[in-house]
Amino acid sequence: SPSGAKLSAHSLSDVQKLAAKAVASRIAALNKAIPKVTADAHISAGDKTTLLNTLNSDLTGITALGAKVAADTTVSVAVADYKSIFTTYRVYALALPQARLVAAADAHSGAGVTRLTAVKSRLDTFFTNHPAKSTPTVSAALADLSTQIAAISAGETGVASAVLAYTPSEYNANHSLLKDARTSRTDVRTATKRALADVATLRAAVR
């Protein structure tokens, strides 16, 4: 966004136009995210409530802010209000990433781990009952599958609660606020790919 100094050199109507564009894009993004979060069956009930409170609060607040900027009568006030779009309501930088990170964390730590654990249990039973098929490759794949399931679970543990606790003011003070959660997300993706590769190897051995 333009700096305060540059904005102050603009006319009131120019600042209002910039604000209207910024507000409109955020309203559209929030209106798209809210029903998506509402419909996501993988997000826990508590996390969903917190997320929806944040998203709906941002939607209400930024809509009101847009109306205020449109009614401002001086450049200085309009500039201050315009800047608050990016500091009071961190829609793109925080709120929407929170929704994505929490959805991913809940999906992997809940249904994802449960599903992989169930698959491994069935495969363990099969190879126990069919020892002739339990080759060194199978043993290695089973062991690695256990490792990757544990990594997925550990990688997502606490991520949702930590991410949901972040506020715009905290983000303003530290733009690296979501770095650890994103790193965990990358690690979990890698572990998930390895787990699925292990499952594929084991299923091939079953045939």
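**Figure 1. The largest pocket of the predicted model.** The largest pocket in this predicted model has a volume of about 260 Å³. Its lining is made up of Ala29, Lys32, Ala33, Lys36, Val37, Asp40, Ile43, Leu96, Ala99, Arg100 and Ala103. Two elements give two or more residues to this lining: helix H2, residues 12-39, and helix H5, residues 91-129. H2 provides the largest share, five residues. By residue type, the lining of the largest pocket has seven nonpolar and four charged residues, and no polar ones.

**Figure 2. The second largest pocket.** The volume of the second largest pocket is about 200 Å³. It is lined by 14 residues, of which Gly112, Arg115, Leu116, Thr192 and Leu196 are the closest to its centre. At least two residues of the lining come from H5, and at least two from helix H9, which spans 179-206. H5 gives the most, with eight residues. Sorted by type, the lining of the second largest pocket holds eight nonpolar, four polar and two charged residues.

**Figure 3. The aromatic pair of Tyr82 and Phe86.** The structure holds two aromatic pairs. In the pair shown here, the ring centres of Tyr82 and Phe86 are 5.1 Å apart and the ring planes meet at 65 degrees; the pair is edge-to-face because planes over 60 degrees apart are given that name. Both residues belong to helix H4, residues 75-87, where they are four residues apart, about one turn of the helix. Tyr82 has a relative accessible area of 4% and is buried. Phe86 is buried as well, with a relative accessible area of 18%.

**Figure 4. The aromatic pair of Phe126 and Phe127.** Phe126 and Phe127 form an aromatic pair with 5.2 Å from centre to centre. The angle between their planes is 85 degrees, and the pair is edge-to-face. Phe127 has a relative accessibility of 4%, so this residue counts as buried.

**Figure 5. Lys68 and its salt bridges with Asp72 and Asp81.** Side chains of opposite charge can pair when their charged atoms come close. The structure holds four salt bridges, and two that involve Lys68 are shown here. One joins the side chains of Lys68 and Asp72, with an N to O distance of 3.4 Å. Lys68 is partly exposed, its relative accessible area being 41%. Asp72, by contrast, counts as buried, at 9% relative accessibility. Lys68 also forms a salt bridge with Asp81, and here the closest N and O atoms are 2.7 Å apart. Because Lys68 lies in helix H3, residues 45-71, and Asp81 in helix H4, this pair ties together parts that are 13 residues apart in sequence. Asp81 counts as buried, with a relative accessibility of 10%.

**Figure 6. The salt bridge between Asp144 and Arg194.** Asp144 and Arg194 form a salt bridge in which the closest N and O atoms are 2.8 Å apart. Asp144 lies in helix H6 and Arg194 in helix H9, so the salt bridge ties together parts that are 50 residues apart in sequence. Asp144 counts as buried, at 17% relative accessibility. Arg194 has a relative accessibility of 43% and counts as partly exposed.

**Figure 7. The salt-bridge network of Lys68, Asp72 and Asp81.** This view returns to the residues of Figure 5. Salt bridges with shared partners join Lys68, Asp72 and Asp81 into one network. Lys68 takes part in the salt bridge with Asp72 and also in the one with Asp81. Within this network, Lys68 is partly exposed, whereas Asp72 is buried and Asp81 is buried too.

**Figure 8. The surroundings of Asp144.** Asp144 has its place in helix H6, which covers residues 136-156. With its neighbours within four places in sequence left aside, Asp144 is in contact with Arg194 and Asp198. Of these two, Arg194 is the salt-bridge partner shown in Figure 6. Asp144 is classed as buried because its relative accessibility of 17% is under 20%.

Key
Residues are numbered from 1 along each chain as its sequence is written. This is a predicted model: local features need pLDDT of at least 70, side-chain atom pairs count only at pLDDT 80 or more; totals for chains, interfaces and linings use all residues. Side-chain values use heavy atoms; hydrogens and water are left out. On a 1 Å grid over the protein atoms alone, a cavity is a set of points where a 1.4 Å probe fits but cannot get out, and a pocket is an open set with protein on both sides within 12 Å along at least five of seven lines; lining residues have an atom within 4 Å of a point. Grid points are joined across faces, edges and corners, and a volume is the space filled by probe spheres set on the points. Ala, Val, Leu, Ile, Met, Phe, Trp, Tyr, Cys and Pro count as nonpolar, Asp, Glu, Lys and Arg as charged, and the others, Gly among them, as polar. Rings of Phe, Tyr and Trp (its six-membered ring) pair if their centres lie within 6.5 Å; planes under 30 degrees apart count as stacked, over 60 as edge-to-face and the rest as tilted. Buried means under 20% relative accessible area, exposed over 50%, partly exposed in between (1.4 Å probe, protein chains only). Contact means heavy atoms within 4.5 Å.
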